[in-house]
Structure formats: structure tokens, C-alpha cells
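Student: I am new to this structure and would like a close look at a single part of it. Could you take me through that part slowly and then connect it to what surrounds it?

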Amino acid sequence: MTAAAAHVWRVALLALVYAASPSLAAAQSLTVRAAGDMLQVRGTGLRLIEGAVADHLKDGRSVRVDFEMTILDKAAQGAAVTQNRQSFTLSFDLWEQRYAVTRAGSPLRSISHLLARDAEAWCLENMAIPITAIGRFARDLPFWVRVEYRVQDQPPQVETESPFTLRTLIEALSRRRPDETPGRTLEAGPFRIGN
Amino acid sequence: MHSLRNRLVAAFLVATLLPLGATIWITTSLLDRSLGYATTEELDGLSRTLEATMRQFYERERRSLKQDAAAARLTATSFTMDEPGAAPEAVRAFWESGEDERFTLSGPGGDRLDYMARAAGRVEVYSRELGGIHMQELAAQLRQARELVGSMAGRDLRRGFTLTLLLLVALVWLVSLAPLIFIAHRISRPIQSLTAGLTRFAAGDWDQRLAMVRDDEVGSAVGAFNHMAEQLRRNRERLVYLTQVSSWETLARKTAHELKNSLTPIRLTVEEMVARQPQSDREFMQQAAQIVIGEIETLERRVRAFSEFASEPPVSAEPLDINAIVAERVSLLKPAHPETTYRCTLDAQTPQVYAGADLVKGILINLLENGAEAAGPGGTVEATTRQQGHEVVVEIHDSGPGLGAEAARTLFEPTITFKKHGMGLGLSIAKKHALRMGGDITLVEGALGGAGFRVVLPIAGGPGSYERGPGSSDPAHKLT
């Protein structure tokens, strides 16, 4: 094997490792910014409305997504400084070909006529964390941001009069094992508010 | 050891599993065929086609509405956004979105299309009917169709139906298996105990009896076993007794013979000695001879009793009215024991017995005499008769002092007593005669406080007498 060929192999191997690591792939996909007294996160690599999720939405079904944003004191296994959890419900307008998002909790907020990436971004925007919550990391220390989401795609439930009917039994025994719940973890950092 | 129960259960398994398997196979085959008619894919295709078509329609309506608005062919409703709160929700949302234009559906079921355009400080809304097409309603129906398709795609109905069928069949089968095991256990348990009883009985437990628990074939078998065991026990006891009696008879016969052989020459010699004695000394000699001859006569009576005990008179069995014989024997004895009260409780329904009249009379006389002697003056002797199964029971009770344990144990064994009356052979002879007729004599608890004897005799025409056959005159030989 020549030196050039060995170099090509090394590069290919590194590229493979890089591609196989979601956190590495997403390392540059999150950015943070201070919006007033809130810390907002933006991401370009969220890729939430894709594949099965997009198919479900285009079939007219609503999809619930649970987000969890964590501020870490260091990368990977760092300790959580603060956390924010939010649930969003996505839906799709068949005729306008646009998405709508509703944030659960109080106050209830919703928006419609969004493109897929805009809907994802809106979810992240609504995960904002008060800057005061991150304490001394607000100005002095670097911090890392980890965003996790998990799609809770509930198959349509068949309404039955009683849980102990023949129909319920058939439903339970005929159900295929659901696909692994789509989810993703993005982590990026270090950030400073001043950045 | 539950082989019978296990076999019954195995029979159930074999008898049910094969048709059950066939039923399941047929059902699942039919299920496959019926699922083949499912129209899920057609529904999927139809919904997609409809969606695409309606989307084209919607696009066209959008374009048309926008063109008409631009050409001022439509009148706009204008909302000034100085106070957004006064505008409808959809207009307000549009205003806040920052978009230049937006289309929304309105009206019942979405049968109107609204076109909102942003202008300086206001929103112009143009609206048009969609020709009676309810787009939102249609979207909901399409969603339902897609949900149904998705639901079907997320299910393996064949597996679901098959597993449900198997589960229910297994459940029903198990539910039916449980009572079967119970029933099999109920059937096999008495047979098991019958087998165990037979085994113990065969091992020598002659008192082995089983509880009658059911009134069916098994219960009849248990009853037959108990009856057989009782008959065998009694016959065995009779056999043992008769064997003993036979030995005693041989001994008595030889003793009587030897004594008789000795007593005759002694008696003749004594008489000769007296005859040859001179007249002067004869008085003393005659007195002495009288004493010797008296003792010889006593011995001769015992020898005769021995001979009688050893003898086996023929049994002329015939149907007898036992009540009449008992009454007649009591009447016969009353004058001999005037101080004794005789009481007869004779069941009029008592059937005839099949026995020898002389032997029966001898037995009754013996027992009634013994009773009167035991009761003494002022005492009572009671005779009762009744039917018990295939036998007739005659009981003689007295109000005497009763019998001690040792006396009761050896009551029917032949003995030699030197009391004034009786030789000690009466009861053993009576028992022997009863046994020879297919009956028995046993000691029972006295009803009058004294002794009680039970004489059992076979019924005329009953199973016992029939076995001996009408021509047989000695049923005891049949027993031995």
C-alpha cells in the first residue's frame, strides 16, 4: 500500500467515524443567543420533520414531540446546570402544505402556516431558558447546550366500550411492534453569553 | 398411582385435540381467505388520489382568487390593524406572522377560501365560496382514511385473529379440562380405593371394608366388595371353626371309643365280683359296686355325649317357618321353667328358612334352656326373629348375669364340665349344626342385660340356599 493510498484510507475512516457520531455531526448545528433576559437556542441540524414523522404528519395525524434542553458545565457527561422540558404538538395542513405547532402547557401557544424548518426552529425558540437560571455560567464560564427530543407518535386508538372485549384482544394481539421512537440528541458548546 | 385418571385425561386430550386442531386449521384458512378481500390498499390509493386531486383544485382556487383580487373583481373586507384585537383571530395571526399574503379556509367545514393580503396598516381579506366543497371536512375524512390505513399497516390482523382464536380455544379447552380432571379423579378415586381395599384384603386384612360414597356402578362395586369381604370373612371363620370342630370330633370319637372299650369290661367285672361275693359280705359289696357303677354310668353318659358330638347326623334341609318353630320351642320349655318369663317378638314378615328341622329345634332348645338357666327364677328370656339381607336372624336374649370376657372367648369351644346338668358341648354342637346348614351362631350384646345369641339361617330360595342346590343335604361340605 502506498503512502497516498494509506492517507486516503485514514481520511475515509475518519469521515466514517465522524458521520456515525450524531453528537459530532451536530456539534456545529446549535447556536445560542441572548434575547432579552432569555437564552434562546437555534439549530439547523434538528431534522425533526423528516422521514416517518413527516409521513405521519402528511397523513393528517398529529405528532407530539417532547423536548428537553439542558445547559451543561462541560461537554458530554457534564453536570446539568439547568433544564427545560416542553412538549409540542405538530400537525400539517393538507391544502396549504404547511405545518402548525402548538406548545403544551401554560400559556398555550400555537402557530401555523410554517415550513418544516421553521416549525422546528419555532420549537427551539420556545425552549428558551432564563439567563438567570444558568447562574455564574451566564457571563464567566463556558457552557454546553444539549437538546434532546423524542417523538411520541401514538397510533390512533380504537375506541372500545370495555378494555376486556374480543375486539380489544384482537387489537392487542395484532399490533406490530412499533418502530423505535424517533429521537435525537444534539450537543454543542462551549458557549459564552458574550459570544 | 393415578393411571386410570391419567388415561381418562389422555382420552380427553386425544378426543379433543385432533378435532380442535382441524377446527383451528379450517378457521385460520378461512381467515386467510377473508383477509385477502381486505380493501386497505385500495383505500390507501383512493385517498391519495383524492388528496392529490383536491390539492390541485385548491391550488386552482387559490390562483383564481388571487387573480380576481388583483384584478379587483372581488370586494375585499378590510381590517385596520391599529387595534389588532378587533380583528378576527385568523386575521390577527396573519398580521403577526409577518407574511405578505395567506390563504385560509373558513365557513362551515371549510367551504370558503379566504385570501388575506397585507397592506399599509391593514389586512385585505378576499373571500370565495368553494362550490359546496367542504375542504376541512374532506381533510378530516382523508385523515380518517389514512389513519385507518396506518392502523391496518400497524397491525398483523392474521396474527391477531389467529392468536386470539388460539388463546380463546386454549382457554375454553383448559376450562373444560379442569372439570374433566375433577370428574376423572372422582371416577378413579373410588376404584383406586377399591383396588387398595382388595389388595389389603388379599394381604390378610379380613376386616377391610370400604365406605359407600356413590350410588352408581362404582358404588355397586364397592357394595359388592364389602358383601364379598363379609361373606369371605364369615366363611373363613366358619371354615376355621369347622376345622377345629373336626379335630375335636376325632379326639372325642377316639376318646369315647377307648373309654367305652374300658368301661364295659369294668362294669361287667364289678357286677361279676358282686355276684360271686358270699351272701354275708354282699351288702357292703353291693354298696361299693353301686358307687362304682354310678360313676361308670356317668362316664358312659359323657362317652355318649362325646359320640353325639363326634357324630354328623344327616341334614334334611327344607323350607321351615322359623316363627312357628321358635313359638313351639318356647311353648315346650315354659312348663319346665315356670318361674321364667318367655317373650317372643317374631316378625310376621320373616321368610321361611332353608334348614334341617331337627337341627334348628336342637339349637333353639339349647339356647332357650341356657337362657332360662342363666336368667333364673323371675328372669326373662326373649326370642326375636327378623330378616336381614338374604338371611333370617333369630336372637335369644336373657336377663342373666351375662358372660365374662374369657367365657365369651371360649364359649363355642367344646369342653368337659362336671356340673350337674350339661356336658359343656351344647353350644359347640349347636354352632356346628348351624354352620353345617349354612348359618352361624354368634354372641351378641344382650338386650336384657344378660347374654345374647344370634342364630343366622339362610332364607329358603335365597342365594345362600340356591348355591347349595336343592338336592344337597349337607351344605357344610360345600363350605369345606
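Tutor: In this predicted model, Ala72(B) is exposed, because its relative accessible area comes to 63%, and a value over 50% is what counts as exposed. The residue belongs to the loop that runs between helix 2 (40–70) and strand 1 (77–80) of chain B. Its backbone is worth a careful look, since Ala72(B) has a positive phi of about 55 degrees although it is not a glycine.

A useful partner for this residue is found in the other chain, where His113(A), likewise a residue other than glycine, has a positive phi near 55 degrees. The setting of His113(A) is a strand, namely strand 6 of chain A, whereas Ala72(B) sits in a loop. His113(A) is buried, because its relative accessible area is 15% and the limit for buried is under 20%.

Going back to chain B, we can place the loop of Ala72(B) in a chain that has 13 helices and 11 strands. Of its 480 residues, 36% count as buried, and among the contacts in chain B with a separation of 6 or more, 70% are between residues 24 or more positions apart. One of the buried residues is Glu395(B), with a relative accessible area of 8%, and it lies in strand 9, which covers residues 391–398 of chain B. The side chain of Glu395(B) makes a polar contact with the side chain of His397(B), at 2.9 Å. Once neighbours within four places in sequence are set aside, Glu395(B) is in contact with Glu382(B), Ala383(B), Thr384(B), Arg386(B), Val444(B), Phe453(B) and Arg454(B).

Chain A, the home of His113(A), has five helices and nine strands, and 38% of its 195 residues are buried. Here 63% of the contacts between residues at least 6 apart in sequence join residues at least 24 apart. The largest nonpolar core has 58 residues, and those with the most contacts inside it are Leu48(A), Ile49(A), Phe67(A), Trp95(A), Phe143(A) and Val145(A). Phe67(A), leaving out residues up to four places away in sequence, touches residues including Leu46(A), Leu48(A), Phe88(A), Cys123(A), Leu124(A), Met127(A) and Val147(A). Another core, of 51 residues, lies apart from the largest one and has Phe309(B), Val381(B), Val392(B) and Leu411(B) among its members. As a general matter, nonpolar side chains tend to be buried together in soluble globular proteins.

It remains to see how the two chains meet. Their contact takes 20 residues from chain A and 33 residues from chain B, and between them they bury about 2,300 Å², 56% of it on carbon and sulfur atoms. Three salt bridges are found across the interface, including one between Asp59(A) and Arg48(B), whose closest N and O atoms are 4.0 Å apart. Eight residue pairs are in polar contact between chain A and chain B, counting pairs with both residues at pLDDT 80 or more. On the side of chain A that touches chain B, strand 6 (109–114) and helix 5 (166–174) each supply at least two residues, and strand 6 is the element in which we found His113(A). Helix 5 of chain A gives the most to this side, with six residues. By type, the residues on this side of chain A divide into eight nonpolar, five polar and seven charged.

Technical notes: Residues are numbered from 1 along each chain as its sequence is written. Chains are lettered from A and ligands numbered from 1 in the order in which they are written. Side-chain values use heavy atoms; hydrogens and water are left out. Contact means heavy atoms within 4.5 Å. Buried area is the accessible area (1.4 Å probe) that two parts lose on being put together, summed over both. A salt bridge is a side-chain nitrogen of Lys or Arg within 4 Å of a carboxyl oxygen of Asp or Glu. A polar contact is a pair of N or O atoms within 3.5 Å; within protein, one must be able to donate a hydrogen and the other to accept it, and residues adjacent in sequence count only if both atoms are side-chain atoms. Helices (H or I, at least four residues) and strands (E, at least two) are DSSP runs, numbered from the N terminus. Ala, Val, Leu, Ile, Met, Phe, Trp, Tyr, Cys and Pro count as nonpolar, Asp, Glu, Lys and Arg as charged, and the others, Gly among them, as polar. A nonpolar core is a set of buried Ala, Val, Leu, Ile, Met, Phe, Trp, Tyr and Cys residues joined through side-chain atoms within 4.5 Å. Buried means under 20% relative accessible area, exposed over 50%, partly exposed in between (1.4 Å probe, protein chains only).
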